[in-house]
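Thanks for coming. I will take a few minutes on one model and its charged side chains.

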Amino acid sequence: MSRSKSSQRWLKEHFSDPYVKKAQAEGMRSRAAYKLEELVERDRLLKPGMVVVDLGAAPGGWSQWVRKELGDTGRVIASDILEMPTLAGVEFLHGDFREDGVLSELEKMLDGAAVDLVLSDMAPNMSGVDQVDQARAMHLSELAMAFADDHLRVGGTFLIKLFQGVGFDEYVRELRRRYAKLAIRKPAASRRRSNEVYALAQGKLAQMK
């Protein structure tokens, strides 16, 4: 299929998508907010006063939804390589999470505070070459897991978008070593043909298995 036909198909699907329409009607920044809503509400993961870190946050749909649910309590810290328009009550760090300097800045923002919930919706810029894209996606996933290893409190929760392919099974095994409970889910708002799924890891262990 040519790029133009593929783009036309995507645009047609996008603007007829019920979640896109819902996001527009409710003033949400992206349809992705409804993926998070389904994933989080099922297990009642959000509690007042939580510290939440949102990696790969732009355009801000997840951070916006979390901030709304937490009300005036807790902290929401968002980070992305892309710029993100300001969201009231959300602290934003602009930078490439693959760079040590950006991670250091994020650690400064936390100022020693333990994180209750780490969210990662990070994805690489897709080249269209499956092997390259999967390797890049897994690298970001490994960085997110390392961040959760270092900053998530014992008993905390890690929710991450993963792409099924090379490295996926091994990554899931690593999560099982770190958390008491793990579920792989595909929310209704995920497009059916997408190979994305979400790993919900709950109950971070004090020591890996």
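I will go through the conventions, then the annotated sites, the salt bridges and the cavity.

This is a predicted model: local features need pLDDT of at least 70, side-chain atom pairs count only at pLDDT 80 or more, and totals for chains, interfaces and linings use all residues. Residues are numbered from 1 along each chain as its sequence is written, and side-chain values use heavy atoms, with hydrogens and water left out.

I start with the annotations. An unreviewed UniProt entry marks Lys161 as "active site". The same kind of record, an unreviewed UniProt entry, gives "binding site" for Gly60, Trp62, Asp80, Asp96 and Asp121. UniProt positions are given in the numbering used here, feature names are shortened, and annotations may be inferred rather than shown by experiment.

Now to lysine 161. It sits in strand β5, residues 152-163. Helices (H or I, at least four residues) and strands (E, at least two) are DSSP runs, numbered from the N terminus. Is lysine 161 buried or exposed? Its relative accessibility is 9%, so it counts as buried. The cut-offs are under 20% relative accessible area for buried, over 50% for exposed, and partly exposed in between, with a 1.4 Å probe and protein chains only. Apart from neighbours within four places in sequence, lysine 161 is in contact with Ser120, Asp121, Met122, Ala123, Ser141, Glu196, Val197 and Tyr198. Contact here means heavy atoms within 4.5 Å.

Two of the binding-site residues next. Tryptophan 62 is in helix α4, residues 61-70, and is buried because its relative accessible area is 3%. Not counting residues up to four places away in sequence, tryptophan 62 touches several residues, including Leu119, Ser120, Asp121 and Tyr198. It also touches Ala32, Ala33 and Leu36, which are among the buried residues of helix α3, residues 32-42. Just after α3, arginine 44 has a positive phi of about 50°.

Aspartate 80 is in strand β2, residues 75-80. With a relative accessible area of 9%, aspartate 80 is buried too. Leaving aside neighbours within four places in sequence, its contacts are Gly56, Ala57, Ala58, Phe92, Leu93, His94 and Gly95. A polar atom of the aspartate 80 side chain lies 3.0 Å from the backbone nitrogen of alanine 57.

On to charge pairs. Side chains of opposite charge can pair when their charged atoms come close. The rule used is a side-chain nitrogen of Lys or Arg within 4 Å of a carboxyl oxygen of Asp or Glu. How many salt bridges does this rule give? The count is twelve. I will show three.

The first example is glutamate 105 with lysine 108, at 3.5 Å, N to O. Both are in helix α5, residues 100-110, three residues apart, or about one turn of the helix. Glutamate 105 is partly exposed, because its relative accessibility is 36%, and lysine 108 is exposed at 60%.

The next example is aspartate 121 with lysine 161, at 3.4 Å, N to O. This pair links distant parts of the chain, 40 residues apart: aspartate 121 is in the loop between β4 (115-120) and α6 (130-151), and lysine 161 is in strand β5. Both partners are buried.

The last example is aspartate 149 with arginine 178, at 2.9 Å, N to O. It also links distant parts of the chain, with aspartate 149 in helix α6 and arginine 178 in helix α7 (residues 168-178), 29 residues apart. Aspartate 149 is partly exposed at 28% relative accessibility, whereas arginine 178 is buried at 11% relative accessible area.

Back to lysine 161: salt bridges join Lys35, Asp121, Lys161 and Glu196 in a network. Lys35 is one of the buried residues in α3. Glutamate 196 is in strand β7, residues 196-204, and at 6% relative accessibility it counts as buried. Leaving aside neighbours within four places in sequence, glutamate 196 is in contact with Lys35, Lys161, Leu162, Phe163, Lys186 and Ser190.

One item remains, the cavity. Which residues line the largest cavity? They are Ser120, Met122, Ala137, Leu140, Ser141, Ile160, Lys161 and Phe163. The elements giving two or more residues to that lining are α6 and β5.

Notes: Polar contact = N/O pair within 3.5 Å; in protein donor to acceptor, adjacent residues only side chain to side chain. 1 Å grid on protein atoms, 1.4 Å probe; cavity = no way out; pocket = protein on both sides within 12 Å on 5 of 7 lines; lining within 4 Å.
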